[in-house]
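Subject: Structure handover

Hi,

As promised, I'm passing this one over to you. Have a look when you get a moment, and then read on for my notes.

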Amino acid sequence: MKIEDRARRFVKPFRVKDGRDFRLKDIDPGSTGNLESEDADAAREILQEGIELLADYQDKLYAQDRWALLLIFQAMDAAGKDGTIKHVMSGVNPQGVQVFSFKAPSAEERDHDYLWRCMRCLPERGRIGIFNRSYYEEVLVTRVHTEFLEGQRLPQSLVTKDIWDERYEDIRNFEKYLSRNGVVIRKFFLHVSKEEQKRRFLARLDEPEKNWKFSANDVVERRFWDDYQRAYEEAIRATSTKRAPWYVIPADHKWFTRLAVAAAIVDTLAQLDLHYPVVDEKKRKALRAARKELVEIDGKQ
């Protein structure tokens, strides 16, 4: 079986095409699919194959210059977004990939609509764009901490009980617009358990080389765990579409998370009919002339 077919089968259980029936509790953060922990080494070898195939697809994506790919990563703290991006994209040409991490909005960003800062960073045709957090923060963090809405200086008449449904609608329309213009969107929620998050936080505190990763705010945000889980579930239910699906990836085992994300990206690119541009006769004639000139020049020297 081709690796593209294996990737499609492997990642299918984690793809949310229609969010209406989605329940976050149905996805076990500790799941490794049909693989066991002793399969981890073999999974890393498969991941390497996937990374090599991804590099080939990315080269064709860049050369063809027709499609763009936008990968959005969302997760609770310590779920492994940075590590997943680093490992899965390790084999691609850096010239064809753009990574943006969206932190708390600046004063300038708060003076614009909430999509503005992400719209400025959309990938060009032929490129892969990666958003480490994204405009989804506006229906996640801002929903959990509604006081953040005050900092956005919205007219009070627009801040109603319908604001979240309105934002979901805006996001669906925005992603529909992008997909109609050749931007393929895939969204990943790395689903880590509360217990595994605690273990990783403790590791950041206990291991000196990981101290820099820890923020006191991580513990503060952990108090809102249930609120975030509800916000994620509702956002995924409201915005997972056929054109821009969510993948809810179990994240308690990093080796499995990386393998699943790589499989989803390979499956996506495999469906785009990517190939190197075909040179027409006029171009081939020019190439033959250039080759002849190079040979003749070298022959005279």
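Below are my notes on the pockets, the core, the cysteines and a couple of residues. Before you start, bear in mind that this is a predicted model.

**Pockets**

Start with the largest pocket, which holds about 1400 Å³ of space. Its lining runs to 46 residues, and Asp77, Lys81, Lys103, Arg133 and Asp218 sit closest to the centre. Which helices should you colour to see the lining? At least two residues each come from α3 (81–88), α6 (141–144), α8 (194–206), α9 (216–222), α10 (225–239) and α11 (254–270). As for character, the lining of the largest pocket splits into 21 charged, 14 nonpolar and eleven polar residues.

The second largest pocket comes in at about 330 Å³. There, 19 residues form the lining, and the ones closest to the centre are Asp113, Tyr114, Gln152, Leu154 and Arg167. Two or more lining residues come from each of α4 (107–110), α5 (116–119) and α7 (163–180). Of the elements lining the second largest pocket, α7 gives the most, with four residues. Nonpolar and charged residues number eight each in this lining, with three polar ones besides.

**Core**

Now for the inside. The largest nonpolar core takes in 82 residues, and Met89, Tyr135, Phe188 and Ile265 have the most contacts within it. The biggest contribution to this core is from α11, which gives eleven residues. In soluble globular proteins, nonpolar side chains do tend to be buried together.

If you want one residue to centre the view on, try Met89. Setting aside residues up to four places away in sequence, Met89 touches Leu54, Val97, Ile128, Ile130 and Ile265. Ile265 is thus both a partner of Met89 and one of the residues with the most contacts inside the core.

**Cysteines**

How many disulfides are there? The count is zero. Take Cys118 and Cys121: each has the other as its closest cysteine by sulfur position, but the two sulfurs are 6.8 Å apart, and a disulfide needs them within 2.5 Å, so this pair is too far apart for a bond. Cys118 is buried, at 0% relative accessible area, and Cys121 also counts as buried, at 14%.

**Two strand residues**

Ile72 lies in strand β2 (residues 68–75). Is Ile72 buried or exposed? It is buried, with a relative accessible area of 0%. Beyond residues up to four places away in sequence, Ile72 touches Phe131, Ser134, Tyr135, Tyr136, Glu175, Ile185, Arg186, Lys187 and Phe188. Two of those names, Tyr135 and Phe188, will be familiar from the list of residues with the most contacts in the core. For a sense of distance, the C-alpha atoms of Ile72 and Ser193 are 20 Å apart, with their positions 121 residues apart along the chain.

His191 is the other one to look at, and its place is in strand β5 (residues 183–191). With 5% relative accessible area, His191 is buried. Apart from neighbours within four places in sequence, the contacts of His191 are Leu24, Ile27, Pro29, Gln229, Val248, Ile249, Pro250, Ala251 and Asp252.

That's everything from my side. Over to you!

Methods: Residues are numbered from 1 along each chain as its sequence is written. This is a predicted model: local features need pLDDT of at least 70, side-chain atom pairs count only at pLDDT 80 or more; totals for chains, interfaces and linings use all residues. Side-chain values use heavy atoms; hydrogens and water are left out. On a 1 Å grid over the protein atoms alone, a cavity is a set of points where a 1.4 Å probe fits but cannot get out, and a pocket is an open set with protein on both sides within 12 Å along at least five of seven lines; lining residues have an atom within 4 Å of a point. Grid points are joined across faces, edges and corners, and a volume is the space filled by probe spheres set on the points. Ala, Val, Leu, Ile, Met, Phe, Trp, Tyr, Cys and Pro count as nonpolar, Asp, Glu, Lys and Arg as charged, and the others, Gly among them, as polar. A nonpolar core is a set of buried Ala, Val, Leu, Ile, Met, Phe, Trp, Tyr and Cys residues joined through side-chain atoms within 4.5 Å. Buried means under 20% relative accessible area, exposed over 50%, partly exposed in between (1.4 Å probe, protein chains only). Contact means heavy atoms within 4.5 Å.
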